[in-house]
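Morning, everyone. Let me put the model up, and then we'll walk through it from one loop outwards.

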Amino acid sequence: HLQLVESGGGLVQPGGSLRLSCAASGFTSGYNYNIGWFRQAPGKEREGVSLISRSEGFTTYADFVKGRFTISRDNAKNTIYLQMNSLKPEDTAVYYCAAARYIGPGLRTSALNNPSWYAYWGQGTQVTVSS
């Protein structure tokens, strides 16, 4: 059973940076897991931020974070990172990592719009961007 634990959230001033981590345990061999970062602000729907495939390292980003956020993985540590730079107040949200056992290569760019494709979710970490 795959478990995900996020960390690294906190309070940061606009223009600042944070690095979120998602520590995973319980990967099943033979699957090319895709790990996504999602966020949810109060009163808003959950939205996809970025995705990385565990095997090939394929990445995709939501338009509103391109050029500011970078997703990466360290398979030896079973950890996925989200480096967030140039943070804005509108980035304030609870950030979740989520995992799907398999998403077809042709569907990965759509995967950020489909949280239901992810069977495994962490508990979330709060990111607050405020002066």
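**Two loops, one strand pair, and the whole chain**

Start at Asn 78, in the loop that links strand S7 (69-74) to strand S8 (79-84). Keep in mind that this is a predicted model. What is the sign of phi at Asn 78? Positive, about 50°, although the residue is not a glycine. Buried or exposed, then? Neither label fits: Asn 78 has 25% relative accessibility, so it counts as partly exposed. The cut-off for buried is under 20%, and exposed means over 50%.

Now move along to the next loop. Ser 86 sits between S8 and strand S9 (93-100). Its phi is also positive, near 50°, and again the residue is something other than glycine. Ser 86 counts as partly exposed because its relative accessibility is 40%. So strand S8 has a loop residue with positive phi on either side: Asn 78 in the S7 to S8 loop, Ser 86 in the S8 to S9 loop.

Go back to the beginning of the chain. Strand S1 covers residues 3-7. Which residues make up its covered face? Leu 4 and Glu 6. Gln 3, Val 5 and Ser 7 form the uncovered face. Note the Glu on the covered side and the Val on the uncovered one.

What does S1 pair with? Strand S3, residues 18-25. The two run antiparallel, joined by five bridges. For a fixed point in that pairing, take Ser 7: it stands opposite Ser 21 in S3. Ser 7 is on the uncovered face of S1.

Now zoom out. How many helices and strands are there? One helix and 11 strands. In sequence order, the pattern reads β-β-β-β-β-β-β-β-β-α-β-β. The helix comes after nine strands, and two strands follow it.

On to overall dimensions. The C-alpha atoms fill a box of roughly 45 × 25 × 25 Å along the principal axes. The radius of gyration is 14 Å, which agrees with the value near 14 Å for a compact globule of 131 residues.

Inside, 45% of the 131 residues count as buried. Take contacts between residues at least 6 apart in sequence: 59% of them join residues at least 24 apart.

Last, the surface and the charges. The protein exposes about 6,500 Å², with carbon and sulfur atoms supplying 47%. There are 12 positive and 8 negative side chains. The centres of those two sets lie 5 Å apart.

Notes: Residues are numbered from 1 along each chain as its sequence is written. This is a predicted model: local features need pLDDT of at least 70, side-chain atom pairs count only at pLDDT 80 or more; totals for chains, interfaces and linings use all residues. Side-chain values use heavy atoms; hydrogens and water are left out. Helices (H or I, at least four residues) and strands (E, at least two) are DSSP runs, numbered from the N terminus. The radius of gyration is taken over C-alpha atoms; the globule rule is 2.2 Å times the number of residues to the power 0.38. Buried means under 20% relative accessible area, exposed over 50%, partly exposed in between (1.4 Å probe, protein chains only). Contact means heavy atoms within 4.5 Å. Accessible areas come from the Shrake-Rupley method with a 1.4 Å probe; for residues, only the protein chains shown count as cover. Lys and Arg count as positive and Asp and Glu as negative; His and the chain ends are not counted. The place of a charge is taken as NZ of Lys, CZ of Arg, CG of Asp or CD of Glu. Two strands pair if DSSP finds at least two bridges between them.
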